[in-house]
Amino acid sequence: MFIILFHLRRGIDVLILTFFLTNILAIRRVEAKAQENLDNYPDTNSVNSAEKDDLGNFNFQPITQNSTPNPARLFPNVNEIDIPEILSPSQNPSFTPNEIERIEQEFIHHQHINPITQARDKQESSLNALTNSHIKYPWIVEPIDKFNFYNLSFNPLKNTNYLDFSLKFTAEEPIINEFNFAHFPKQDQLYWILPSNRIVIETQGWDSGISYQGESTNIEYKDSIRLSQGFWGMQAVSSLPQAFTELTGETDFNKFTIQSTAAEIINPTGLPTPSIVINPQIASFSNDFTQPGNRDVLDIDNTPLILQAFPTSNLQPLLGGVSLNYGTLIPRENLAKAGFFWGNPLTRQANPFQPQITSKPGIKVGRVEQFDNSDLLNILLNTSLSRNQRDLYYLNSLFWIPLTQRQTNVISRDQKESYHWQRFYFSHPHNRTLLQYDDLKPTATYTNIYSNPGVSLSLSVNQREIDEIQSANATLGMLMGGAFELINIQMLTQSLQEAKERYSRQENFAPIDSKTTPEQRRQINQVLNRTIFLSNINSGLEQVSGKLTFPSKITTNSSSLFQIRTGNHRRAVQFIDGNRQWQEGETFISKTQISNQRFGRLSFVGAPIPLDQTSVRSNNRSLALQVNLISPNGQQFVQNFNSVDMTVVPINVRSFDIAFDHIELSQVGQINTQLQVFNGYIFLPTIEGVWAGSTGKWNYSINSGVWFNLNADAAFNVANNNFGLPEPTLGVYANGALNFINSYEERDREGKIQVIVNHIPAIRFYWSSAVNSQNPAYLNMSYFFSRQSRDLNYSLSTALVLINDQRHITPAGFFQGKLGLSSGLEFSTSVEISDQFFYALEGIKQLNSHWFFGGYLQNYRSSNQGIQSRINDFSYGLLIKHDLLGRGSFWESRIGMSGDAFEASLKGGLQF
């Protein structure tokens, strides 16, 4: 089974999800700038004008509680939660406090002071009202999906273009982490007050952006594997002396049992081998063969008797016709003919090869018709064989024992290619809101339709590739928002149409005719703003394409919203696919230790022996001869020959030979391993239902959604997720958030505010039907405390998070602290304790109204390769911030060292 090559150690480090809290002074608006911050703001806008003037003497910066840095990961660690890092710019509004106060009074007490009647430009008046409404209640006047556009400060009075960016300059990571651009033409924005205490708001424009989606890695391993198949060949032959036949008499040679024991010792070169002693008592190798059949009377004339100690097996089909030298290639036809197949290193499937047995051991007569292996007989007795003939006969003359195939890694080479994917999107946000105050009771009805249809493209710029499946997934989620453009809530549609007609006729705002006081309306707006905020940050949608808020009742201390949303749900994924193929090489002779040219060649001489001295009996044929040799002088020499008088027997000259040979075949094949890995994010079309509200100091939100995936097995360069974390086609999630905001003020004897204190416990949970190590469920319990005074501000927050990754429930603890002095010096720290320990320290000093300068120190570095993560590495450097008051523009830069590498990042926003 294929093993995932990228399975690394387990480690769970979690981002604090629920105690992102901001302390706000009484003159400051409720500023909800970060997606991940819970709505833990004190309700400080309900003080009177005298108190506001008093608070204007405070000279310190508000403390913003930020999230713990991203969780640590070692690529591709699959046991982490990933949350985008929050950027918290300086919370300076686009207007001075005096201007805000003046405009607030103008519109809250609008029935008494109506500056619109004196305005020459109705468009400017409408945009002025819209701008300041967004400053006070940014989530009620929400022109764009802030989930992607974190730092948008909507100011249609002055600006039409909004830019948000996050850049990082390192050697391995992409430069652009996020880049967003929005355009809101002034003529398309509308704020109007109608009779019957109706306020209608319409914003629309164009939104586009680039966000980092993940990293693809293609890895190719080429492992050269040498397979070797050895053959151990052995044979021992000896000619039997004539005395043996005499002793045996008429005994049939075929009835003898042959027991042969062979042993071999091979030492390294230079190390002599000891003598081998074979003890027949303990010999473990024996062969018992009884040769059948031939029972002819042994004719001893010119016929030696040969003792063959081992059987013979035939390698001629495999090696016949090739030179038995090192490096000789063996044709594939020979391998197929012999039935020889190499094993497969991938499947570890062995294909044992056994040569055919061609003869058995025994005492044999050295005659062709009586010897069962003519090749061995030729090797032993035929001195006229050619070299090629001897090579061929030799292959069938030994007992060839196949040894176990051996595998050796020769060389490994790998090639790795990594490239990044970005998500490009383009959409048309259109937000329509109706807020109607009751004539008598301090209540209001809130209705909202938000549509943001668009298209999305998942693209790798380097590879010039477009992923069609992921583009279709995200585009489908965005196109679903187009349905909200067609929704017609009669009161909202009619009110918006009426406002446009009044605007075209250059009419004035209608007065607010309600028995509710301006302070009550302010409280209603604050409750509504907080409820919308909590429902948004608790959402499971990464990008909202459409939202319908049913007419919902809001009071001064309670709210209840019901919404249906569409958009894209983001999931962190690790997809892995791969294949391994075994490619055979050419078979060659890799080792030879053979006696093909010297084995055998037994030699004999014939010796005449009187027949009557042997046990041989004459057959049915006799011969006689007389030779008479006469000399010139008449002498005669007579020689008589008779077959019954004399016979010739062979006398051994070279009577014994032994062969212990080795032939090794090898091939160098190649295992080609190809891996396709994607680590990053996918955006899935989702429908979400929301129930959010508040009662007294309690605030809650329940968000539940259903998402689906057009192809859950493929993502980017991974065509089939065979070895990664599996993803379902359909999934359900539920998010919940609950907090209790207890804020109070400490006043001096004159009634002036001296201290603002916040106590905010909170709980949040996330559950999904598709929980895994990349997308775990969790339960987060946190507590936040802050104290703000004239000279000193500080905040402390702690959290305990229980994480369920479907295999384990792991606890993690967090601590955050912040200290701000009236001099503009601010310190912050964060500590995370789980199975790892992370800390971060920051200090920054405000030099003037625009510039902030400081430094940071931490025992990790952030990584944005694939999935946002942290890596254990000491990091330090400079922290520089620049904020342009009144222009809605800022940037923040970190310049320093991360380990041994230089690292810089730049984040910010710009309006023009």
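**Exercise 1.** Determine which residue stands opposite Ser460 in β15 of this predicted model, and describe the pairing of β14 with β15.

*Solution.*
Step 1. In β15, the residue opposite Ser460 is Glu465.
Step 2. Strand β15 covers residues 465–466, and 2 bridges link β15 to β14 in the antiparallel sense.
Step 3. The hairpin formed by β14 and β15 has 4 residues between the strands, and Arg464 adopts a positive phi near 55 degrees there.

**Exercise 2.** Identify how β11 pairs with β14, and establish whether β14 is largely enclosed or not.

*Solution.*
Step 1. Strand β11 (residues 406–427) runs antiparallel to β14, and 6 bridges join the two.
Step 2. Within this pairing, Tyr425 has Ser456 of β14 as its bridge partner.
Step 3. Residues count as buried under 20% relative accessible area.
Step 4. Strand β14 spans residues 454–460; because 5 of its 7 residues are buried, the rest of the structure largely encloses β14.

**Exercise 3.** Characterise the surroundings of Ser495, and state whether Ser495 is buried or exposed.

*Solution.*
Step 1. Ser495 belongs to helix α10, residues 490–504.
Step 2. The relative accessible area of Ser495 is 0%, so Ser495 is buried.
Step 3. A polar atom of the Ser495 side chain lies 2.7 Å from the backbone oxygen of Met491.
Step 4. Leaving aside residues up to four places away in sequence, Ser495 touches Leu194, Arg198, Val200 and Leu434.

**Exercise 4.** List the buried residues of α8 and the elements against which they pack.

*Solution.*
Step 1. In α8 (residues 387–394), Arg390, Asp391, Tyr393 and Tyr394 are buried.
Step 2. The buried residues of α8 pack against the helices α5 (316–319) and α7 (374–381), and against the strands β10 (399–402) and β23 (656–695).

Notes:
Residues are numbered from 1 along each chain as its sequence is written. This is a predicted model: local features need pLDDT of at least 70, side-chain atom pairs count only at pLDDT 80 or more; totals for chains, interfaces and linings use all residues. Side-chain values use heavy atoms; hydrogens and water are left out. Buried means under 20% relative accessible area, exposed over 50%, partly exposed in between (1.4 Å probe, protein chains only). Contact means heavy atoms within 4.5 Å. Two strands pair if DSSP finds at least two bridges between them. A polar contact is a pair of N or O atoms within 3.5 Å; within protein, one must be able to donate a hydrogen and the other to accept it, and residues adjacent in sequence count only if both atoms are side-chain atoms.
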